[in-house]
Amino acid sequence: MASLLCPSSVAKPGAALFGVQDASGHVEYLDEPIVVDQTFVDTARQGRVPEERFRFASNCAKTGCGHWDSGHAGCSLVGKIVEAMNQKADATLVACPIRNQCRWYHQEGALACANCDEVVRNVRVKALAEA
Ligand code: SF4
């Protein structure tokens, strides 16, 4: 199986842009992910921090990531997000272009998606990770 993707990656060349925060603070998912290059990253960094307004995915680093839970062989962050956001799973999943490879969906299913669209890495995820 191809490696799963972390849906809370940093902006870096090769990462897949798959969501953009809208004016209400929610993430609008793109129809197709866009693999970004150095030029995109450099340009995006001239404005507001890209991880506060875009969502990027890249390969899950597993043991190379501080959120990896070796005991459960999974990402510990998604469980914290589901608990903190506390949204019930929707009957209909929001369209998301990375679902087939998403680490969070792989672990938590529809609950992950129901609690995903207010997450932007540098704000909420950081606060949750430090909680
Ligand atoms: S949790 Fe669901 S909505 Fe969020 S990135 Fe993964 S598949 Fe997409």
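This section describes the ligand site, a second pocket and the nonpolar cores of a predicted model.

The ligand sits in the largest cavity. Helix H3 (103–108) and helix H4 (110–114) are the elements that each give two or more residues to the shell around the ligand. The shell is made up of Pro7, Phe18, Tyr29, Cys96, Ile98, Arg99, Cys102, Trp104, Tyr105, Ala112, Cys113 and Cys116. By class, 11 of these residues are nonpolar and one is charged. No polar residue takes part. The charged member is Arg99.

The second largest pocket has a volume of about 170 Å³. Its lining comprises 15 residues, and those closest to the pocket centre are Asp90, Cys113, Ala114, Asn115 and Asp117. Helix H4 contributes the most to this lining, with three residues. The lining is mixed in class: eight residues are nonpolar, three are polar and four are charged. Cys113 belongs both to the shell around the ligand and to the lining of the second largest pocket.

The largest nonpolar core holds 17 residues. Within this core, Ile81, Ile98 and Trp104 touch the most other members. Strand E3 (27–35) and helix H2 (77–85) are the elements that give two or more residues to the core. Helix H2 gives the most, with five residues. Another core lies apart from the largest one. This other core has eight residues, including Ala11, Ala15, Phe54 and Phe56.

The ligand shell and the largest core share members. Ile98 and Trp104 are found around the ligand and also in the largest nonpolar core.

How values were computed: Residues numbered from 1 in each chain as written. Predicted model: local features only at pLDDT ≥ 70, side-chain atom pairs only at ≥ 80, totals over all residues. Heavy atoms only, no water. Near = heavy atom within 4 Å. 1 Å grid on protein atoms, 1.4 Å probe; cavity = no way out; pocket = protein on both sides within 12 Å on 5 of 7 lines; lining within 4 Å. Sits in = over half its atoms within 2 Å of the grid points. Helix = DSSP H or I, 4+ residues; strand = E, 2+ residues; numbered from the N terminus. Nonpolar A, V, L, I, M, F, W, Y, C, P; charged D, E, K, R; others polar. Points joined across faces, edges and corners; volume = space filled by probe spheres on them. Core = buried A, V, L, I, M, F, W, Y, C linked by side-chain atoms within 4.5 Å. Buried < 20%, exposed > 50% of the residue type's maximum accessible area, 1.4 Å probe, protein only.
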